[in-house]
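Thanks for making time for this. I would like to walk through one chain with you, slowly, going from a single residue to the chain as a whole.

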Amino acid sequence: MEVIEKYMINNTVKIAEYKLNQHRLDGTSTNLSIFEVARLMDALKLADQMKNLKTNSIFHSFSLN
């Protein structure tokens, strides 16, 4: 489960960074609204916070063996 979350976060970050870079390159002829840009920037900030968050679970070392 943790591996899937990590891939999802990395994929979200890559897509958001790509779209923001395209927005920056397009300048005034961009097709993104200010709300879409804000949502992308929020996604980057949230992903960064999630990467820094260390969760301690009581089931971390639990094994079914």
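Where in the chain is S29 found? S29 sits in the loop between α1, which covers 2-26, and α2. Please keep in mind, as you look at that loop, that the model on the screen is predicted. With a relative accessibility of 58%, S29 counts as exposed, because the cut-off for that word is over 50%. The side chain of S29 also has a polar atom that lies 2.9 Å from the backbone oxygen of D26.

Let me step back to the overall layout for a moment. The secondary structure of this chain amounts to two helices and zero strands. The chain has 65 residues, and 11% of them count as buried. It exposes about 6200 Å², of which carbon and sulfur atoms supply 58%.

Now to helix α2, which runs over residues 34-52 and so has 19 residues. At 1.5 Å a residue, and counting one less than the number of residues, this helix should span 27 Å, and its end C-alpha atoms are indeed 27 Å apart, so expectation and model agree.

Which residues of α2 are buried? They are V37, L40 and A47. When you look down the axis of α2, these buried residues fall within an arc of 90 degrees, which means that they line one face of the helix. On the face of α2 that is turned away from this buried side, you will find the exposed residues I34, F35, R39, D42, K45 and N52.

Two further residues of this helix deserve a look, and both can be set against I9. M50 lies in helix α2, and with a relative accessible area of 40% it is partly exposed, since that value is between the 20% and 50% cut-offs. Although M50 and I9 are 41 residues apart along the chain, their C-alpha atoms are separated by 8.4 Å.

D48 also has its place in helix α2, and its relative accessible area of 45% makes D48 partly exposed as well. In sequence D48 and I9 are 39 residues apart, while in space they are 9.0 Å apart, taken from C-alpha to C-alpha.

Technical notes: Residues are numbered from 1 along each chain as its sequence is written. This is a predicted model: local features need pLDDT of at least 70, side-chain atom pairs count only at pLDDT 80 or more; totals for chains, interfaces and linings use all residues. Side-chain values use heavy atoms; hydrogens and water are left out. Helices (H or I, at least four residues) and strands (E, at least two) are DSSP runs, numbered from the N terminus. Buried means under 20% relative accessible area, exposed over 50%, partly exposed in between (1.4 Å probe, protein chains only). The arc is that of the directions from the helix axis to the C-beta atoms. Accessible areas come from the Shrake-Rupley method with a 1.4 Å probe; for residues, only the protein chains shown count as cover. A polar contact is a pair of N or O atoms within 3.5 Å; within protein, one must be able to donate a hydrogen and the other to accept it, and residues adjacent in sequence count only if both atoms are side-chain atoms.
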